[in-house]
Each structure stands twice: as C-alpha cells, then as structure tokens.
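Hi,

Here is the structure I said I would pass on. Have a look first, and then read on for what turned up in it.

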Amino acid sequence: MKIFITLAVACLVASAWASHLELSEDQKAKAKLHFEECVKEENITEEEANKLRNKDFTNPSQKLKCFGTCFFEKVGTLKDSVIQEDVVLKTLGSIIGEEKTKKALDKCRDIKGEDRCDTGFQLYQCFEAAKAEMMEVKE
C-alpha cells in the first residue's frame, strides 16, 4: 500500500511540478485511476476536472475544489485538511530536491481555507505558484 501511495503522489507531484518528467506507465495508470475515482465521487465532468489538471484556477466551482482535494487525499498528501509533509518531502524531494520542496512547504503549509475543499484547492494553487517562482529563478 505504501508503494501505491508513493507512486500516486509521484504522479501528482510530477504533473504539478515537473510536467517535462516522464512517468512510468504504472504511475500514469494509478494517477488516472485516482482522477477517475474523484470525478465520480465529486460528481463532476471530466471536462471540469481537466480544468484543474490544466491549472486553470479561474472561477472554480465547489465541486472542482472538492475534486482536487479528493485527489490529494487519495495520494496521501492531504489528510483531515492538513498537508502531510513527510509524504510531500519524501516524494517531491526525490523529484525536485529536498531544498526546493522545503521552500514550497514553508510557503504553503499553513494554508487553511473555508472548508476541506477550499483548503485543498488553495494548497494546490500555492504549490503551483511556488513552482512558477522557482522556474523564474532558474531563468
């Protein structure tokens, strides 16, 4: 089960942080499974879910926020509206490096939204913003 969670987290992280990384077929399949499960659980269309996947944060519906939170919960990076830093450090650290991961966590760890879904959505936005800042520093 731990390996499954780790691979699923790697899929989410890789898509959110390093879209140029190649994922294994197994990682892609697990991410797709979580994606499909959350689409059903949160009762949203795949088109709406793809909005989040494509990092389109404009005018999010409550269902869209809950979809993103569902995905984070399934991969183990979010539990009871609290980011699971050990999971993020282990998984994301191995992809982008521990220092960059710690910087992102420093920026995002204390985010609390109006409810479970808003918290997950705001965390996703925060990590995306941190990613963008780190990419700008490289250039």
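Let me begin with a small cluster of charges: Glu 37, Glu 41 and Lys 74 are joined in a network of salt bridges. Keep in mind that this is a predicted model.

Within that network, Glu 41 pairs with Lys 74, and their closest N and O atoms are 2.8 Å apart. Glu 41 sits in helix α2 (residues 25-41) and Lys 74 in helix α4 (residues 62-75), so this contact ties together parts that are 33 residues apart in sequence. As for solvent, Glu 41 is partly exposed at 49% relative accessibility, and Lys 74 is also partly exposed, with a relative accessible area of 26%.

Next along is Glu 42, whose side chain meets that of Arg 116 in a salt bridge at 3.9 Å, N to O. This one links distant parts of the chain as well: Arg 116 belongs to helix α7 (residues 116-138), Glu 42 to the loop between α2 and α3 (46-53), and the two are 74 residues apart. Arg 116 comes out as partly exposed, at 32% relative accessibility. Glu 42, on the other hand, has a relative accessible area of 17%, and it counts as buried because the cut-off for that is under 20%.

Helix α7 shows up again in the Lys 65 to Asp 118 salt bridge. Here the closest N and O atoms are 3.0 Å apart. Lys 65 is in helix α4 and Asp 118 in helix α7, so the pair connects parts that are 53 residues apart in sequence. Are these two buried or exposed? Both Lys 65 and Asp 118 are buried.

In total, the count comes to nine salt bridges, and the ones above are among them.

Now for the empty space. How many cavities of 30 Å³ or more are there? The count is two. I'll describe the second largest, which has a volume of about 30 Å³. Its lining is made up of Phe 72, Thr 77, Leu 78, Ile 83, Leu 123 and Phe 127. By class, that gives five nonpolar residues, one polar and no charged ones. Thr 77 is the polar one, because Thr is not on the nonpolar or the charged list.

If you open the model in a viewer, Glu 41 and Lys 74 would be a good place to start, followed by the residues around the second largest cavity, including Phe 72 and Phe 127.

Cheers

Note on methods: Residues are numbered from 1 along each chain as its sequence is written. This is a predicted model: local features need pLDDT of at least 70, side-chain atom pairs count only at pLDDT 80 or more; totals for chains, interfaces and linings use all residues. Side-chain values use heavy atoms; hydrogens and water are left out. A salt bridge is a side-chain nitrogen of Lys or Arg within 4 Å of a carboxyl oxygen of Asp or Glu. Helices (H or I, at least four residues) and strands (E, at least two) are DSSP runs, numbered from the N terminus. Buried means under 20% relative accessible area, exposed over 50%, partly exposed in between (1.4 Å probe, protein chains only). On a 1 Å grid over the protein atoms alone, a cavity is a set of points where a 1.4 Å probe fits but cannot get out, and a pocket is an open set with protein on both sides within 12 Å along at least five of seven lines; lining residues have an atom within 4 Å of a point. Grid points are joined across faces, edges and corners, and a volume is the space filled by probe spheres set on the points.
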